[in-house]
Amino acid sequence: MASSSTFSLLFLLLLSFVSGRMFAMANGQQRTWCIAKPSSNEATLLANINYACSQVDCRVLHKGCPCFSPDNLINHASIAMNLYFRAHGCQQGSCDFRGSALIVITDPSYDNCLYE
């Protein structure tokens with residue numbers, strides 16, 4: 001059975017292939033994003049969405065908007081958590097969510113859904 005760190009690494013590699021954007025740089029510095037840990041349970045993901053969206057504008061998650069699909073908790077939580085992370089200066093402490101978040105260096109953007 002694979003460990004959670006192995007699973008997380010595989011998830012990040014998959015994201016890099018899907019997005020086609022690996023190791024983005026901004027102003028000569030490596031960019032980072034905040035996403036939900038794949039091992040997070042549904043209650044935690046929902047709590048993270050509710051908390052983050054009470055603090056930042058999560059309209060990109062509404063039906064018909066660029067980040068609505070896929071319509072699942074891990075996707076919506078990752079987007080909401082990253083919006084919160086961005087709004088708080090991309091500081092490590094703003095991507096914790098009670099241990100249910102990961103800071104990644106692979107741009108998780110997909111299709112028209114940009115993790116700015």
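## The loop between helix 3 and strand 4

Arg-98 sits in the loop that links helix 3 to strand 4. In this predicted model, its phi is near 55°, a positive value in a residue that is not glycine. Arg-98 counts as exposed because its relative accessibility is 85%, above the 50% cut-off.

Phe-97 belongs to the loop between helix 3 and strand 4 (101-104). Phi of Phe-97 is also positive, near 45°, again in a residue other than glycine. Is Phe-97 buried or exposed? With a relative accessibility of 11%, Phe-97 counts as buried.

## The second largest pocket

Phe-97 and Arg-98 bring us to a pocket, since both are among its lining residues. This is the second largest pocket, with a volume of about 220 Å³. Along with those two, the lining includes Gly-93, Ser-94 and Asp-96, as well as Tyr-84, Thr-44, Ala-47, Asn-48 and Tyr-51.

Which element gives the most to this lining? That is helix 2 (residues 42-55), with four residues. If you are thinking about the chemistry of the pocket wall, the lining splits by class into four nonpolar, four polar and two charged residues.

## How helix 2 meets helix 3

Helix 2 packs against helix 3 (residues 73-87) at an angle of about 35°, and their axes are 8 Å apart. The crossing of the two helices is left-handed. On the helix 2 side, the contact is made by Glu-42, Leu-45, Leu-46, Asn-48, Ile-49, Tyr-51, Ala-52, Cys-53 and Gln-55. Helix 3 answers with Leu-73, Ile-74, His-76, Ala-77, Ala-80, Met-81 and Tyr-84.

By class, the residues of this contact comprise twelve nonpolar, three polar and one charged. Some names return here from the pocket: Asn-48, Tyr-51 and Tyr-84 take part in the helix contact and also line the second largest pocket.

## His-76 and a cis proline

His-76, a residue of helix 3, deserves a look of its own. Its relative accessible area is 10%, so His-76 is buried. Setting aside neighbours within four places in sequence, His-76 is in contact with Ile-49, Leu-61, Cys-67, Phe-68, Pro-70 and Asp-71.

One of those partners, Pro-70, lies in the loop between helix 2 and helix 3. The peptide bond running from Ser-69 to Pro-70 is cis, and its omega is near -5°. That bond is worth checking on your screen.

## Tyr-115 after the last strand

Tyr-115 is placed in the segment after strand 4. Tyr-115 counts as buried because its relative accessibility is 7%, under the 20% cut-off. Not counting residues up to four places away in sequence, Tyr-115 touches Arg-31, Trp-33 and Ile-35, then Asn-75, Ser-78, Ile-79 and Asn-82, and finally Asp-107, Pro-108, Ser-109 and Tyr-110.

How many residues lie between Tyr-115 and Arg-86 in sequence terms, and how far apart are they in space? The two are 29 residues apart in sequence, with a C-alpha to C-alpha distance of 9.3 Å.

## The chain as a whole

Stepping back, the chain has three helices and four strands. Read from the N terminus, the order of elements is α-β-β-β-α-α-β. The chain holds 116 residues, of which 36% count as buried. Among contacts in the chain with a separation of 6 or more, 71% come from residues 24 or more positions apart.

How values were computed
Residues are numbered from 1 along each chain as its sequence is written. This is a predicted model: local features need pLDDT of at least 70, side-chain atom pairs count only at pLDDT 80 or more; totals for chains, interfaces and linings use all residues. Side-chain values use heavy atoms; hydrogens and water are left out. On a 1 Å grid over the protein atoms alone, a cavity is a set of points where a 1.4 Å probe fits but cannot get out, and a pocket is an open set with protein on both sides within 12 Å along at least five of seven lines; lining residues have an atom within 4 Å of a point. Grid points are joined across faces, edges and corners, and a volume is the space filled by probe spheres set on the points. Ala, Val, Leu, Ile, Met, Phe, Trp, Tyr, Cys and Pro count as nonpolar, Asp, Glu, Lys and Arg as charged, and the others, Gly among them, as polar. Axes are lines fitted to C-alpha atoms, for helices over the stretch in contact, and angles run from 0 to 180 degrees between N-to-C directions. A crossing is left-handed if the near helix is turned anticlockwise from the far one by less than a right angle, and right-handed if clockwise. Contact means heavy atoms within 4.5 Å. Buried means under 20% relative accessible area, exposed over 50%, partly exposed in between (1.4 Å probe, protein chains only).
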